[in-house]
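Biologist: Please take a close look at one part of this protein, the open sheet. How are its strands ordered and paired?

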Amino acid sequence: MGTILLCTLLMYSCQQKQPPPFQVDSFSEVKTIKGLATPSAITTDGQYYYVASLGASLLPVTEDGDGYITKVRPDGEIVSWHFIYGLNAPSDLLVIDTTLLVSDIDRVKGFDLTSGEQLMDISYLGGMIDGIA
């Protein structure tokens, strides 16, 4: 099952056009975002940053529903603190086309980048998923 899931995700990601990276002119200004609950991953779609937070619990295998994704502008302004919420322990993020894929303990969940609506939920019965990128 794990091999099929991995192959399916790889085939899908190879078919999708990846967004261009942000243009960085200077590293003279550093943005600090305070208030995130144990940030664990970050990715971009070329327009926004998406930051995964484990939540209050520091146990990455606990199904507690307090994990979330924060949507951030390049200037550091928060678009939405809990753009996606109710996750258990989001540990990795990957943008494919208009979908944000999130590894969440033993699942890979897909969310629409505009609305945050959940589009998919794939269970992995072989144990914990540590990364999807």
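Modeller: The answer below starts with the whole chain and then turns to the sheet.

This is a predicted model. The protein has 133 residues, and 37% of them are buried. Its accessible surface is about 7,800 Å², and carbon and sulfur atoms account for 56% of that area. One helix and eight strands are found in the protein. Read from the N terminus, the order is α-β-β-β-β-β-β-β-β, with the helix ahead of the strands. Contacts can also be sorted by distance along the sequence: among those between residues at least 6 apart, 42% join residues at least 24 apart.

Now to the sheet itself. Four strands make up this open sheet, and they lie in the order E1-E2-E3-E4. The pairing in the sheet is antiparallel. The edges are held by strand E1, residues 39–44, and strand E4, residues 78–87. Each of these two has a single partner strand, so one side of E1 and one side of E4 have no neighbour in the sheet. On average, neighbouring strands of the sheet are turned by 20 degrees against each other, with direction ignored.

The E1 edge can be followed down to single residues. Strand E1 pairs with strand E2, which covers residues 49–53. Five bridges link E1 and E2, in the antiparallel sense. One pair can be named here: Pro39 has Ser53 in E2 as its bridge partner. Pro39 and Ser53 are thus a place to begin when tracing the sheet in the picture.

Notes: Residues numbered from 1 in each chain as written. Predicted model: local features only at pLDDT ≥ 70, side-chain atom pairs only at ≥ 80, totals over all residues. Heavy atoms only, no water. Pairing = 2+ DSSP bridges. Axes fitted to C-alpha atoms, helices over the stretch in contact; angles between N-to-C directions. Buried < 20%, exposed > 50% of the residue type's maximum accessible area, 1.4 Å probe, protein only. Contact = heavy atoms within 4.5 Å. Areas by Shrake-Rupley, 256 points an atom, 1.4 Å probe, with all protein chains shown as cover.
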